[in-house]
Amino acid sequence: MMLPELRETVSRLHAELVRYNLVAWTAGNVSGRAPGGELFVIKPSGVSYDELTPESMVVCDLDGNLVEGDYAPSSDTAAHAYTYRSMPEVNGVVHTHSTYASAWAARGEPIPCVLTAMADEFGGEIPVGPFALIGGDDIGKGIVATLSGHRSPAVLMQNHGVFSIGDSAKAAVKAAVMCEDVARTVHVARQLGEPLPIPQADIDRLYDRYQNVYGQRSPL
């Protein structure tokens, strides 16, 4: 995927954040790593979602410096850049302040794995990362420290919101969508009583099936 195509993809994926009610006003962002791994495309800072176009997306290097574009990059650019530098397998990063997941983040509480959909997508609980101020590497450091070696592609940064990662920008968006979905369902379940845990062995089987069997597979 070359830069013009990636800019189009990242621009289009921002509409998914709006579609699934994961963002308000200009908050939130999607980024995608460019071919070669040394650049990424991200949303410009403070631009309304209905004004986003492929041309308005900005290109940054892995230190977060603006390389190409007419706007200042997102205020979360440093967090995205640190994640890409530290996790070469990651090709997409998403940040949202979605309501239910951010409520769990405000409590500093992981979302327990009490749904088969969570076992499928996250392979266990959705963890909490440390509190960190916006603007420097601290959020990125928290993302990497929390998700390195963890099955979950999403982290609840304490008192802040969701950051999700994926092997593509689309995969990271999916993780953010599913994070909010299960955050809402587990919250509702708690209003009715204490949700029942899923045994770890069953979580492992569900995760393996979903990651390796579910969906359409290319023929050998």
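How do the residues of the lining of the second largest pocket divide into nonpolar, polar and charged? There are 4 nonpolar, no polar and 4 charged residues in that lining. We will come back to this pocket in one of the views below. Please keep in mind throughout that this is a predicted model.

**View 1. The whole protein, with its 7 helices and 8 strands.**
Start here to get your bearings. Along its principal axes, the C-alpha trace spans about 50 × 45 × 30 Å. A compact globule with 220 residues would have a radius of gyration near 17 Å, and the protein agrees with this, having 17 Å. Of the 220 residues, 48% count as buried. UniProt, in an unreviewed entry, lists residues 8–187 as "domain: Class II aldolase/adducin N-terminal". Over residues 8–187 the chain is 37% helix and 18% strand, and the C-alpha atoms at the two ends of this stretch are 35 Å apart.

**View 2. The largest pocket, with about 500 Å³ of space.**
Look for the 17 residues that line this pocket. Closest to its centre are Glu121, Pro153, Asp167, Ala171 and Gln211. Three elements each give two or more residues to the lining: β8 (161–166), α6 (169–192) and α7 (200–212). By type, the lining of the largest pocket holds 8 nonpolar, 4 polar and 5 charged residues.

**View 3. The second largest pocket, with about 150 Å³ of space.**
Here is the pocket from the opening question. Its lining is made by Arg12, Leu13, Glu16, Tyr20, Lys170, Val173, Lys174 and Val177. Helices come into play again: α1 (3–19) and α6 are the elements that give two or more residues to this lining. Which element gives the largest share of the lining of the second largest pocket? The answer is α6, with 4 residues.

**View 4. The largest cavity, with about 30 Å³ of space.**
How many cavities of 30 Å³ or more does a search of the whole structure find? The search finds 1. Around the largest cavity you will see Ser75, Asp76, Thr77, Ala78, Ala79, Ile134, Gly135, Gly136 and Ile139. Helix α2 (residues 77–86) supplies the largest share of this lining, 3 residues. The lining of the largest cavity divides into 4 nonpolar, 4 polar and 1 charged.

**View 5. A salt bridge between Arg7 and Glu68.**
The whole structure has 12 salt bridges, and the next views show some of them. In this one, the side chains of Arg7 and Glu68 meet, at 2.4 Å from N to O. Arg7 lies in helix α1 and Glu68 in strand β4 (residues 66–68), so the pair ties together parts that are 61 residues apart in sequence. Are the two partners buried or exposed? Arg7 counts as buried, at 11% relative accessibility, while Glu68 is partly exposed, with a relative accessible area of 35%.

**View 6. A salt bridge between Arg209 and Asp120.**
The closest N and O atoms of Arg209 and Asp120 are 3.5 Å apart. This pair links distant parts of the chain, with Arg209 in helix α7 and Asp120 in helix α4 (residues 116–122), 89 residues apart. Arg209 counts as partly exposed, at 36% relative accessibility. Asp120, at 10% relative accessibility, counts as buried.

**View 7. A salt bridge between Asp204 and Arg151.**
Helix α7 appears once more, this time through Asp204. The side chains of Asp204 and Arg151 meet at 2.9 Å, N to O. Arg151 sits in the loop between α5 (138–147) and β7 (154–157) and Asp204 in helix α7, so the pair ties together parts that are 53 residues apart in sequence. Asp204 is partly exposed, with a relative accessible area of 29%, and Arg151 also counts as partly exposed, at 34% relative accessibility.

**View 8. A network of salt bridges.**
Which residues are linked in this network of salt bridges? They are Asp63, Arg85 and Asp137.

How values were computed
Residues are numbered from 1 along each chain as its sequence is written. This is a predicted model: local features need pLDDT of at least 70, side-chain atom pairs count only at pLDDT 80 or more; totals for chains, interfaces and linings use all residues. Side-chain values use heavy atoms; hydrogens and water are left out. On a 1 Å grid over the protein atoms alone, a cavity is a set of points where a 1.4 Å probe fits but cannot get out, and a pocket is an open set with protein on both sides within 12 Å along at least five of seven lines; lining residues have an atom within 4 Å of a point. Grid points are joined across faces, edges and corners, and a volume is the space filled by probe spheres set on the points. Ala, Val, Leu, Ile, Met, Phe, Trp, Tyr, Cys and Pro count as nonpolar, Asp, Glu, Lys and Arg as charged, and the others, Gly among them, as polar. UniProt positions are given in the numbering used here, feature names are shortened, and annotations may be inferred rather than shown by experiment. A salt bridge is a side-chain nitrogen of Lys or Arg within 4 Å of a carboxyl oxygen of Asp or Glu. Buried means under 20% relative accessible area, exposed over 50%, partly exposed in between (1.4 Å probe, protein chains only). The radius of gyration is taken over C-alpha atoms; the globule rule is 2.2 Å times the number of residues to the power 0.38.
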